[in-house]
Amino acid sequence: MAARKSSVFTTATTFGRLLSFLGVSVLCGVLVAALFVPMAAGAGSAASASIKFFDGLPADLERATLATPTKIVAADDSLIATLYEENRQPITFDQVSPHMVDALLAIEDYRFYEHGGVDVEGIMGALASNISSGTNRGASTITQQLVTNVLINSAKERGEEGTYSGSKGISDKVREIRLAIAVENEMSKDEILEGYFNIVQFTGTTFGVQAASKYLFNKDALDLNIQESALLAGLVNGPSMYDPQTNPDAALERRNLVLGTMLEHGKIDQAQHDAAVATGLDLNITPTLNGCVGAEQAPYFCAYVENLVLNSEEFGDTRAERASVLYRSGLTIKTTLDPQVQQAAQDAVNDTANPDTTDGAVGHSMVSLEPGTGNILSMAQNTRYNPGENPGDSVLNFNVDQYQDGDPEKGLGGVGGFQPGSTFKPFTVAAWVDAGKSLNTQLDGRKKTYPQGDRWTASCLDGGNFVVDAAEGYNPQNYGDMNYGDATVLRGLAQSFNTITMASAKQLDLCRIMNIAESMGIHNGKSASGENEPLTVNPSALIGGVEDVSPMVMAQAFAGFAAEGNVCEPRALLEVKAANGDTYNVPEPECEQVISKETARGVNYATQEVMKSGSGSLLNYGGQPMAGKTGTNDSRSQTWFIGYNSGMATASWIGNWKAGTGSLSGLEIGGRVYPEIDGGLIAAPSWAKFMLQAGDLHPGEPFANPPSNLLANPSPSPSPSASDDDKDEEKDATPSATPKPRPSVAPTQPAPVEPKPEPSEEAPSPEPSAPTVPPATTSPPAAP
């Protein structure tokens with residue numbers, strides 16, 4: 001048997017009702033004299049100086065900021081997304097339909113224009129009704145309700161729980177009455193109604209009459225008719241109970257009750273009442289989508305911006321404070337996004353690897369930066385930004401690091417990058433020309449094994465050398481395990497010969513190569529030590545075979561080459577302003593000259609050759625002056641193309657993004673299955689499709705030539721090297737146990753056939769008007 005409740009402590013008993021009556025009577029006795037002062041003040045009289053009870057009011061109402069949605073917009077002010085905790089669209093009193101005013105006052109406070117904040121007559125009537133019938137009828141005025149909502153709003157702003165009507169004690173009621181009287185002294189009746197219409201909850205996350213009107217009827221609050229106004233006025237008493245979507249019958253009954261009170265108090269006549277009651281709810285649900293899931297464009301860029309704000313102390317000392325600012329302060333966050341570039345990137349990504357026709361393990365992303373500023377122009381991805389489990393849904397961002405500045409407390413929602421393959425080779429070329437060596441130096445490109453104990457200069461390591469310690473030595477291979485003779489450094493990069501990269505690195509300081517890469521922004525995209533960690537100093541790293549680097553960081557580095565050595569931090573925010581006019585500091589372009597112009601020009605000269613005679617020579621991208629580099633890791637699970645000029649640098653990546661998986665070969669990509677895949681086969685043509693749309697939006701100037709000594713034809717100086725064309729398909733044997741092991745999972749589809757070397761490996765390819773992606777075949781396509 002359930003325990004019997006004591007009748008002393010329940011207001012449902014006579015004694016309990018008596019206690020309630022006495023308690024409220026005492027409260028009324030304390031306040032009754034003061035209640036009439038504000039009424040006089042509302043009529044134009046000054047408050048009596050003898051009333052000290054209301055002096056020194058709390059600052060809660062003055063400090064509170066009305067929670068308002070944040071808008072993230074592109075550089076042209078077009079909407080990216082709306083973020084909110086409460087969907088609200090503030091308006092002025094003259095923007096509210098007179099029918100809405102009549103409906104609200106009829107059902108909630110018909111004596112609103114007669115009292116001074118607290119309705120004594122209403123209180124007495126409620127007390128009498130509650131004592132005689134055991135009901136729980138309220139008597140709060142519109143002004144008191146406004147105060148309650150403001151206090152709740154203020155508590156939310158502080159991250160605290162507000163006190164709602166059903167949980168108020170005597171002290172809460174006293175405070176509410178004091179503040180209501182103070183509000184009536186300071187504000188006109190229309191101002192009070194304006195505040196109420198903007199703050200009150202209507203449904204779920206919909207607050208304020210304008211947002212409610214837009215949501216339920218897709219019209220402005222000024223245009224609400226009688227029955228629509230009655231429906232909305234009825235909602236404020238029970239936003240969940242009378243929600244017309246989830247409880248249409250209850251909503252209709254409540255609406256008709258409001259229409260009856262409007263008739264009773266003379267706000268409408270009988271004919272208007274009967275006509276309104278005869279209508280249905282006639283909803284036209286038009287939600288304001290919340291968050292990056294509902295973004296109008298660039299959802300992954302939206303999420304990146306959201307994380308930047310949540311990570312920045314400019315917006316609050318704690319993450320909770322920053323969240324309050326972001327979701328409640330009505331920020332307008334203007335970003336660097338170029339919608340036309342974004343659309344071109346998204347079109348190219350979707351056309352290449354649409355999630356509906358692509359294996360769920362295959363990701364494709366494309367990110368563009370502006371050289372000289374670091375402005376992020378676009379950030380596209382082939383998955384749908386959705387936290388669901390359906391194929392093609394993902395909130396992981398393929399473009400960015402896992403953490404901002406390697407700080408595990410500052411997540412960016414990123415995967416953390418992928419092995420960059422041969423896109424890393426230009427850093428070896430940079431060190432080569434930085435040392436004053438000519439790009440036309442001939443090197444020995446034959447295959448070679450660097451035996452156990454072989455030493456590579458590495459000034460930053462113990463002993464000043466990297467020593468091969470693998471028993472089998474280090475045996476870098478070219479694409480197809482081909483063997484080549486001598487080649488220049490220039491041709492070695494254009495054709496992506498691993499053996500030429502190694503031959504040039506053997507004459508350099510490995511640490512200098514890696515320092516140049518680090519100075520240009522390259523770091524481990526999965527850094528979690530509190531700082532961005534540099535890549536391992538290791539010959540394997542020179543062909544992108546050790547740690548992972550994010551596409552945005554690779555784009556940043558290549559934008560640095562485009563800007564002749566001036567490297568800029570990626571930048572997403574242009575300005576941030578709150579609804580109350582407050583502004584927040586955002587980073588200005590942060591750029592630094594990290595390598596000389598001459599060195600950068602040497603690299604640009606070499607990467608242009610990639611587009612002329614190497615793996616980019618078959619691409620149809622609009623004919624602008626361009627430089628670029630393809631890349632593929634040894635297991636063929638990650639493929640790249642990075643194309644750039646002085647106007648825009650773009651990293652196109654396509655790969656198997658799920659941990660522990662292997663090659664892309666045999667996986668469906670855009671409705672096709674490729675027996676063997678490299679950076680020039682899909683990532684590069686997708687970039688070319690993008691450039692056909694976006695190339696003219698940020699055109700580049702022709703690259704300046706490097707100094708003549710970097711193009712001289714010195715006597716051949718073969719170096720210990722290996723020879724083999726990677727064609728951006730590196731198969732490197734890790735030379736040391738030091739690097740992290742890389743998984744190499746055999747494809748489940750039939751094993752790829754050994755591809756034939758492309759003519760461009762032997763001689764420059766002609767520049768055709770070839771299409772981008774060839775049809776799937778039973779034999780593998782030629783490498784790019």
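Begin the tour by selecting α12 (299–311), α18 (510–519), α19 (551–562), β12 (566–568) and β15 (591–593), each of which supplies at least two residues of the lining of the second largest pocket. Keep in mind throughout that this is a predicted model.

With those elements shown, colour α12 separately, since the largest share of the lining of the second largest pocket, four residues, comes from this helix. Next, display Y304, Q404, D405, E569 and P570, which lie nearest the centre of this pocket among the 42 residues that line it. The space that opens in front of you there has a volume of about 890 Å³. If you colour the lining of the second largest pocket by residue class, you will find 21 nonpolar, ten polar and eleven charged residues.

Now leave the pocket and turn to a sheet. Select β7, β6, β18, β17 and β16, which in that order form an open sheet of five strands with antiparallel pairing. To see its two borders, highlight β7 (376–381) and β16 (627–632), the edge strands, each of which pairs on one side only. Looking across the sheet from one strand to the next, you will see a twist that averages 10°. Strands of a sheet pair through backbone hydrogen bonds, either parallel or antiparallel.

For a closer view of one such pairing, keep β16 and β17 (residues 638–644) on screen, where the two strands pair in the antiparallel sense over six bridges. Which residue of β17 is the bridge partner of T630? Select F641 together with T630, and you have that bridge pair in view as the last stop.

Note on methods. Residues numbered from 1 in each chain as written. Predicted model: local features only at pLDDT ≥ 70, side-chain atom pairs only at ≥ 80, totals over all residues. Heavy atoms only, no water. Pairing = 2+ DSSP bridges. Axes fitted to C-alpha atoms, helices over the stretch in contact; angles between N-to-C directions. 1 Å grid on protein atoms, 1.4 Å probe; cavity = no way out; pocket = protein on both sides within 12 Å on 5 of 7 lines; lining within 4 Å. Points joined across faces, edges and corners; volume = space filled by probe spheres on them. Nonpolar A, V, L, I, M, F, W, Y, C, P; charged D, E, K, R; others polar.
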